[in-house]
Amino acid sequence: MKATADSNRLLEVKGLQKFFPIRKGFLQKVVGHVRAVDDVSFFIREGETFSLVGESGCGKTTTSRCILRAVHPTSGQILFRTAAGKVVDVATLPEDQLKPLRSEMQMIFQDPFSSLNPRMTLLDIVGEPLLVNGVTDREERTARVAELLKVVGMRPEYMRRFPHAFSGGQRQRIGIARALALRPRLVVADEPVSALDVSVQAQILNLLLELQAEFGLTYLFVAHDLSVVKHISERVAVMYVGRLAEMAPTHDIFYAPKHPYTEALLSAVPKPDPRLRSKRIVLQGSVADPANPPPGCYFHPRCQYVVDLCRQQTPELTEVAPGHHVACHRATELQLAGVVQ
């Protein structure tokens with residue numbers, strides 16, 4: 001991916017890698033590495049929603065946790081532009097300098113049931129980030145929590161209750177309120193609706209869009225459900241075994257895919273109209289082992305368009321159309337099917 005000067009970029013990830021050691025024996029000797037994230041590069045403009053999609057185990061959650069420094073990356077750069085206009089490399093920032101960034105980068109977790117402490121009231125849960133960051137006056141903290149609950153569609157009088165009194169959708173609203181407590185600029189949403197009922201998912205997605213418009217938020221949205229991604233994203237990156245397979249504006253991903261893996265994912269998206277059914281592409285074989293990936297393109301053992309070059313040479317992520325990057329040797333010659341319009 002070519003690096004271009006753009007002062008509107010809030011976050012820029014360059015060559016990010018995260019390898020987890022494999023240890024064996026009595027002395028726990030390192031015998032290999034799981035390449036969870038392998039040379040990932042992308043950027044997110046201020047105010048946009050950028051989505052990372054892929055099947056379970058592809059490295060999208062590890063990528064998001066590296067960006068927040070919940071996991072320390074093996075190598076690469078994570079350049080974040082702070083509210084003061086200074087660009088810092090989150091990947092190498094010392095631990096004692098990370099705390100000021102926590103108020104600008106927050107996370108919404110996947111499971112609204114396990115991400116909330118059952119022994120804490122809503123006042124304590126939503127108010128904890130405020131307390132940790134210096135808001136020690138209880139009356140001020142209570143007023144801020146009441147306002148945050150109203151912003152996410154919850155009644156302020158609920159703040160004295162415990163999480164068990166609420167449904168999954170309500171708990172996720174509480175998690176969103178907690179994430180917004182410090183007024184962050186970047187919010188990482190790790191599959192925030194995957195654990196919710198379908199009827200509630202749209203409510204939470206619409207809430208996220210409303211909050212983005214009201215507070216000027218920037219989202220890194222991690223998901224495996226492409227129909228959700230289509231609804232909320234400006235740009236989408238598709239990951240496969242720790243690497244980016246394709247990255248493009250949402251419309252181009254859905255209607256003009258360039259990577260065979262993206263085509264297969266799109267064929268599995270449910271169609272509301274039975275007259276618009278497309279042929280389902282069933283991938284053969286199993287996902288490549290990130291601890292022992294195949295030579296060449298990681299996707300080649302499952303690809304129906306494979307040629308000898310795919311087995312021998314690793315494709316680079318290159319721009320094949322304005323803003324459309326793909327890691328496939330045959331990207332310019334294949335005519336792949338997108339979502340049926």
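The questions and answers below go through one helix, the cysteines, the nonpolar cores and the salt bridges of a predicted model.

Q: How far apart are the end C-alpha atoms of helix 6, and what span should its residues give?
A: Helix 6 covers residues 198-215, which makes 18 residues. At 1.5 Å a residue the expected span is 26 Å, and the distance between the end C-alpha atoms agrees with it. Both the expected span and the distance are 26 Å.

Q: Within what arc do the buried residues of helix 6 fall?
A: The buried residues of helix 6 are Val200, Gln201, Ile204, Leu205, Leu207, Leu208, Leu211 and Gln212. Seen down the helix axis, they line one face, because the arc that holds them is 155 degrees.

Q: Which residues are exposed on the other side of helix 6?
A: The buried residues of helix 6 pack against other elements, including helix 4 (138-151), helix 5 (168-180) and strand 8 (218-223). On the other side of helix 6 the exposed residues are Ser199, Glu210, Ala213 and Glu214.

Q: Which residue follows helix 6, and what is the sign of its phi?
A: The residue that follows helix 6 is a glycine, with phi near 65 degrees. The residue is glycine 216, and the sign of its phi is positive.

Q: Why is cysteine 58 in no bond with the closest cysteine sulfur?
A: A disulfide needs two cysteine sulfur atoms within 2.5 Å. For cysteine 58 the closest cysteine sulfur is in cysteine 66, and that is too far for a bond. Cysteine 66 is likewise in no disulfide, and the count of disulfides is zero. The distance that rules out the bond is 13 Å.

Q: Is cysteine 66 buried or exposed?
A: A residue counts as buried when its relative accessible area is under 20%. Cysteine 58, at 2% relative accessibility, is buried. Cysteine 66 has 0% relative accessibility, so it too counts as buried.

Q: Which element gives the largest share of the largest nonpolar core?
A: The largest nonpolar core has 60 residues, and Leu208 and Leu211 are among those that touch the most other members. The largest share of this core is six residues, and they come from helix 6.

Q: Which residues does leucine 211 touch, leaving out those up to four places away in sequence?
A: Leucine 211 is one of the buried residues of helix 6. With residues up to four places away in sequence not counted, leucine 211 touches Val151, Val152, Ile176, Leu180, Gly216, Leu217 and Tyr219.

Q: How many residues apart are arginine 69 and glutamate 95?
A: These two residues form a salt bridge, with the closest N and O atoms 3.1 Å apart. Arginine 69 lies in the loop between helix 1 (60-67) and strand 4 (75-81), and glutamate 95 in the loop between strand 5 (87-89) and helix 2 (99-102). Arginine 69 is buried at 7% relative accessibility, whereas glutamate 95 is exposed at 58%. Along the chain the pair is 26 residues apart.

Q: Are glutamate 104 and arginine 185 buried or exposed?
A: Their side chains meet in a salt bridge with an N to O distance of 3.3 Å. The relative accessible area is 13% for glutamate 104 and 16% for arginine 185. Since buried means under 20%, glutamate 104 and arginine 185 are both buried.

Q: By about how many helical turns are glutamate 147 and lysine 150 separated?
A: The side chains of glutamate 147 and lysine 150 meet in a salt bridge (3.8 Å, N to O). Both residues are in helix 4, three residues apart, so the separation is about one helical turn.

Definitions and conventions
Residues are numbered from 1 along each chain as its sequence is written. This is a predicted model: local features need pLDDT of at least 70, side-chain atom pairs count only at pLDDT 80 or more; totals for chains, interfaces and linings use all residues. Side-chain values use heavy atoms; hydrogens and water are left out. Helices (H or I, at least four residues) and strands (E, at least two) are DSSP runs, numbered from the N terminus. The expected span of a helix is 1.5 Å times one less than its number of residues. Buried means under 20% relative accessible area, exposed over 50%, partly exposed in between (1.4 Å probe, protein chains only). The arc is that of the directions from the helix axis to the C-beta atoms. Contact means heavy atoms within 4.5 Å. A nonpolar core is a set of buried Ala, Val, Leu, Ile, Met, Phe, Trp, Tyr and Cys residues joined through side-chain atoms within 4.5 Å. A salt bridge is a side-chain nitrogen of Lys or Arg within 4 Å of a carboxyl oxygen of Asp or Glu.
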